Amino acid sequence: MLRIGLTGGISSGKSTVCKWFKERGFLVIDADQIAHQFIRKGQICFKPIVRLFGKGILDSTGEIDRKSLGNLVFNDLACLKQLNELIHPQVTKKILQQLKDLEEIEPQPQVIVDVSLMVESGFHKQFSNLIVVSCRLEQQVERLMKRSHLSISQARHRITLQMPLKEKLLYATFVIDNSGTLEQTHWQVEKIMNSICLRSQR
């Protein structure tokens, strides 16, 4: 199995890149999707999160309101650290189990694992290749404001809570610069796909 890690900054374009990999037949595991599932009522992280942050983060149906939780942790670095320490080990464990299961079913798949905190957590060491999706800071701010309906100061603050992109680039096997047009980004993705396919055939 060829395991490929993928990371980048918030709103750098990871989801768009993963979509193109899927279209070319790569399997994609999205850590955010797993995390979102784990915080639902009855799932492994639900009760610990509610105990930690209180019932004020619940919506009218009793589920965790991700927006309320986000507003809380992104304004308190200690809370964010606690949340990450609670969720990330469970997500990592799930991903490693999925990779093991996939390898037993299909020994030669090419799998992209998309994890925002890939480098910060040291999880990148599990992968032979790491793709880092990058863009300019002002583009991150603009995209995050649009996506999450944040003010410019809120968007900038959330970005500063992550490892700077220039530091993540130091760990990259491949870099996708998503600062230009979609066509330019797509061309880079295709080039990396071809390189990965050649490696897997050796």
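Q: Before we look at helix packing, what does contact mean here?
A: Contact means heavy atoms within 4.5 Å. This is a predicted model, where local features need pLDDT of at least 70, side-chain atom pairs count only at pLDDT 80 or more, and totals for chains, interfaces and linings use all residues. Residues are numbered from 1 along each chain as its sequence is written, and side-chain values use heavy atoms, leaving out hydrogens and water.

Q: Cool. Which residues of helix α7 are buried?
A: In α7 (residues 152–160), they are Ala155, Arg158 and Ile159. Buried means under 20% relative accessible area, with a 1.4 Å probe and protein chains only. Helices are DSSP runs of H or I, at least four residues, numbered from the N terminus.

Q: And why are they on the same side of α7?
A: Because they cover an arc of only 100° around the axis, taken from the directions from the helix axis to the C-beta atoms.

Q: What do they pack against?
A: The buried residues of α7 pack against α4 (66–73) and α6.

Q: Switching to Gln140: buried or exposed?
A: Gln140 is buried, at a relative accessible area of 5%. This residue sits in helix α6 (residues 137–148).

Q: What is Gln140 in contact with?
A: Leaving aside neighbours within four places in sequence, Gln140 is in contact with Gly9, Ile10, Ser11, Cys135, Ile159 and Leu165.

Conventions
Helix = DSSP H or I, 4+ residues; strand = E, 2+ residues; numbered from the N terminus. Buried < 20%, exposed > 50% of the residue type's maximum accessible area, 1.4 Å probe, protein only.
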